[in-house]
Amino acid sequence: MSDTLTVIDNRTGKKYELSISDGTIKALDLRQVKVNEADFGMMTYDPAFMNTAACKSRITYIDGDKGILRYRGYPIEQLAESSNFLETAYLILYGELPTRSQYDEWVQHITLHTMIQENIKTLMDGFHYNAHPMGMLISTVGALSTFYVDAKDIHDPESRRKQIHRLIAKMPTLAAFAYRHSVGRPYVYPDNNLSYTANFMSMLWKMTEPQFQANPILAKALDVLFILHADHEQNCSASAMRGIGSSHVDPYSAIAGAAAALYGPLHGGANEEVLHMLDAIGTKANVPAFIKEVKVGKGRLMGFGHRVYKNYDPRAKVIKRLADEVFEVTRRNPKLDIALELERIALEDEYFVKRKLYPNVDFYSGLIYQAMGFPVEMFPVLFSIPRTVGWIAQWEEMLNDPDQKIARPRQIYLGLGQREYVAMIKRS
Ligand code: CMC
């Protein structure tokens, strides 16, 4: 039996054979289903892309029912345990773990591009004293396109390679500068003798000491958090990256759009919302009343639920373990008790069980970030740094995919038909 789907149109009695490949039919094949020659042809209606594959990808695999996440075939748990962020970034971008010489060269390239143009500092200075650092990050990463005009050569692999190095290297610098501006402290330039996360911590927290000494356990924990956030296949911001990139704009402009998508509270802004929620709940004793409110539709349990995971988010499991290591260095975040109680009750409650709502990556990450000294406004910024790797990998794959064209969904028009313009004087 061939892999086809038979569609019978009861309006016309006609029968169509649609070929199936990789468990999907081509939406365009439905266009032949017409009532007459003048008919445009059948389309699918899928708001929020609940059941539409918009690309073929070889980067990240998720099995949402089983709670599996793999980058290029490697389980996230193994990468979190044994890899580091820059090695994982290489894997995500190039498909294989690097050899020693490839790794050294890669780290060298990233390290050499950590500085940003002085004019970016001037741009940062223009922001209001209490500007949200994510707004500053989005603006300044977009502004990088004005400094690197060669980035417009998106069809040149060498140019793309250079922008990749720049983006991965400069995101922590932009993020740290945004933070320093928000706390009214002078910017700290990158220290290329430090590791990726230790340098980031130095740019955030260095004061007058000659060299900032990051706590190695915290630097490692941040590195693991970066691995966990590096890619997550076709999520809202990755789709934004692909959609914007499909117009062949430069990657800095596309990343600004992807970061804007991430900023929203239903996506990367959720970790910030989790902390606001824990603050609002206040004490463990208030948890049952809060859950009750959520169940009657008064707000959501932030950090719970996922479009794809209908099981425990594997990243949340790693983060929960990581929290113990971090809290041994910092003091235990007192909000952890509220979070644990929320999780305990929610995992037993029929409302959450029936809807398969489990903690996602954002539920515990904020507690760690806060214990490390980050203000909540920095949480989505911290998500953007590693996710830049995923965005670029998705962008590269899109550009090299002969099936891809400029993204342009269809609509079902339900508005009025043609009518005649009415002069203002005649309108009632
Ligand atoms: N709290 C309470 N109810 C929820 C929640 C929640 N966090 N999430 C989903 N539901 C309910 C929802 O009300 C709906 O119930 P009903 O069937 O009675 O109408 C049902 O579960 C299905 O929800 P949905 O909104 O149709 O699911 P979705 O796939 O469109 O949304 C989500 C996924 C992540 C936006 C959603 O679960 C949510 O808003 N969670 C809270 C925000 C959050 O933590 N976001 C971070 C996601 S993970 C990091 C990332 O990738 O950015």
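A polar contact is taken here as a pair of N or O atoms within 3.5 Å. By this criterion, in the predicted model, the side chain of His267 makes a polar contact with the ligand, because one of its N or O atoms lies 2.4 Å from a ligand oxygen atom. Arg300 also approaches the ligand through its side chain, with a polar atom 2.7 Å from a ligand oxygen. A nitrogen atom of the ligand, in turn, is found 3.0 Å from a side-chain N or O atom of Tyr351. Of the 930 Å² of accessible area that the ligand has on its own, 74% is covered by the protein.

The ligand is surrounded by 19 residues. His267 and Arg300 are among the closest of these, together with Leu301, Gly303 and Arg307. Sorted by class, the shell around the ligand comprises nine nonpolar residues, six polar residues and four charged residues.

The packing of two helices was also examined. Two packed helices are described by the angle between their axes and by the distance separating those axes. Helix α13 spans residues 314-329 and helix α16 spans residues 361-372. Their axes lie 8 Å apart and meet at an angle of about 20°. Helix α13 is therefore roughly parallel to α16, since angles under 35 degrees fall in that class. The crossing in which α13 passes α16 is left-handed.

Notes
Residues are numbered from 1 along each chain as its sequence is written. This is a predicted model: local features need pLDDT of at least 70, side-chain atom pairs count only at pLDDT 80 or more; totals for chains, interfaces and linings use all residues. Side-chain values use heavy atoms; hydrogens and water are left out. A residue is near a molecule or strand if one of its heavy atoms lies within 4 Å of it. A polar contact is a pair of N or O atoms within 3.5 Å; within protein, one must be able to donate a hydrogen and the other to accept it, and residues adjacent in sequence count only if both atoms are side-chain atoms. Accessible areas come from the Shrake-Rupley method with a 1.4 Å probe; for residues, only the protein chains shown count as cover. Ala, Val, Leu, Ile, Met, Phe, Trp, Tyr, Cys and Pro count as nonpolar, Asp, Glu, Lys and Arg as charged, and the others, Gly among them, as polar. Axes are lines fitted to C-alpha atoms, for helices over the stretch in contact, and angles run from 0 to 180 degrees between N-to-C directions. Helices (H or I, at least four residues) and strands (E, at least two) are DSSP runs, numbered from the N terminus. Angles under 35 degrees count as roughly parallel, over 145 as roughly antiparallel, 65 to 115 as roughly perpendicular and the rest as oblique. A crossing is left-handed if the near helix is turned anticlockwise from the far one by less than a right angle, and right-handed if clockwise.
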